[in-house]
Amino acid sequence: MSSIRKIKTTDLELKDRLVAINRVTKVTKGGRTFSFSAIVVVGNENGIVGYGLGKANEVTTAISKGIEDAKKSLIKVPVINGTIPHEQLARYGGASVFISPASSGTGVKAGGAMRAVLESVGVKDCLAKSKGSSNPHNVVKATIAALLKMRDAYTVANERGVSLEKVFKG
């Protein structure tokens with residue numbers, strides 16, 4: 001069972017969000033050389049999201065490279081009535097994230113990097129907490145890992161080979 005659900009980028013209306021830009025300095029004998037790295041999240045706000053990292057000597061080039069990289073790593077996430085199906089905890093490096101569903105009208109209660117990922121995937125209502133490292137790269141990767149673990153009731157019933165009503169009776 002592979003939990004990674006790859007998506008083709010043809011005929012998708014993707015919106016990009018810039019999460020962070022980092023200025024990197026390389027010191028050589030001729031002086032300092034500045035370059036930029038940008039982490040970008042793209043999504044169609046309807047269950048598809050991806051992230052990418054772009055590096056270049058100019059900010060705009062780094063962002064466009066990040067968008068191209070993000071389009072190569074799109075995944076499908078179950079979004080039900082504007083929220084996620086269940087609570088999920090995930091880690092990546094030093095970053096740990098916790099995502100919980102919320103009732104309609106709550107909004108996305110998440111900070112910085114997590115908010116960009118959750119809004120790009122199309123989540124309208126959820127509660128989220130980031131613990132540990134606040135490094136945007138690791139927070140984005142941990143959030144994507146949590147969303148990859150999400151399963152809706154139809155998938156669970158299909159994997160178990162039972163009806164949907166039997167999944168809810170437990």
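1. Let me start with Glu159 and Arg151, whose side chains meet in a salt bridge, 2.6 Å from N to O. Please keep in mind that this is a predicted model. Glu159 is partly exposed at 42% relative accessibility, and Arg151 is partly exposed too, at 34%. Neither value passes the 50% that would count as exposed.

2. How many salt bridges does a search of the whole structure find? The search finds 5. Beyond the Glu159 pair, a group worth your time is the network of salt bridges that links Lys15, Arg17, Glu45, Arg115 and Glu119. The next three points walk through members of this network.

3. Arg17 and Glu119 form a salt bridge, with 3.7 Å between the closest N and O atoms. Arg17 sits in strand 1 (residues 15–28) and Glu119 in helix 2 (residues 112–121), so this pair ties together parts that are 102 residues apart in sequence. Both partners are partly exposed: Arg17 has a relative accessible area of 23%, and Glu119 stands at 27%.

4. Glu119 also meets Arg115 in a salt bridge, at 3.2 Å from N to O. Here the two residues both belong to helix 2 and lie 4 residues apart, about one turn of the helix. Arg115 is partly exposed, with a relative accessible area of 32%. Glu119 therefore has a salt-bridge partner in strand 1, namely Arg17, and another in its own helix, Arg115.

5. Glu45 belongs to the network as well, and its backbone deserves a look. What is the phi of Glu45? It is near 55°, a positive value in a residue other than glycine. Glu45 is found in the loop between strand 2 and strand 3, and its relative accessible area of 27% makes it partly exposed.

6. Asn81 makes a useful companion to that residue. Its phi is near 55°, again a positive value in a residue other than glycine. Asn81 is placed in the loop between strand 4 and strand 5 (88–92). Is Asn81 buried or exposed? At 74% relative accessibility, Asn81 counts as exposed.

7. Now to the sheet. Its 4 strands form an open sheet in the order 1-2-3-4, with antiparallel pairing. Strand 1 and strand 4 (75–76) stand at the edges with a single partner strand each, so one side of each has no neighbour in the sheet. As a reminder, strands of a sheet pair through backbone hydrogen bonds, either parallel or antiparallel.

8. At the strand 4 edge, strand 3 (residues 48–56) pairs with strand 4 in the antiparallel sense over 2 bridges. If you want a place to look in the viewer, Val49 stands opposite Ile75 in strand 4.

9. Which strands does helix 1 touch? Helix 1 (residues 59–71) packs on the sheet and touches strand 1, strand 2 (31–43) and strand 3. The direction of helix 1 makes about 145° with that of strand 3.

10. Helix 3 (residues 136–148) lies across strand 1, strand 2, strand 3 and strand 4. Helix 3 runs at about 155° to strand 3. Strand 4 is thus listed for helix 3, while the strands named for helix 1 are strand 1, strand 2 and strand 3.

Note on methods: Residues are numbered from 1 along each chain as its sequence is written. This is a predicted model: local features need pLDDT of at least 70, side-chain atom pairs count only at pLDDT 80 or more; totals for chains, interfaces and linings use all residues. Side-chain values use heavy atoms; hydrogens and water are left out. A salt bridge is a side-chain nitrogen of Lys or Arg within 4 Å of a carboxyl oxygen of Asp or Glu. Buried means under 20% relative accessible area, exposed over 50%, partly exposed in between (1.4 Å probe, protein chains only). Two strands pair if DSSP finds at least two bridges between them. Contact means heavy atoms within 4.5 Å. Axes are lines fitted to C-alpha atoms, for helices over the stretch in contact, and angles run from 0 to 180 degrees between N-to-C directions.
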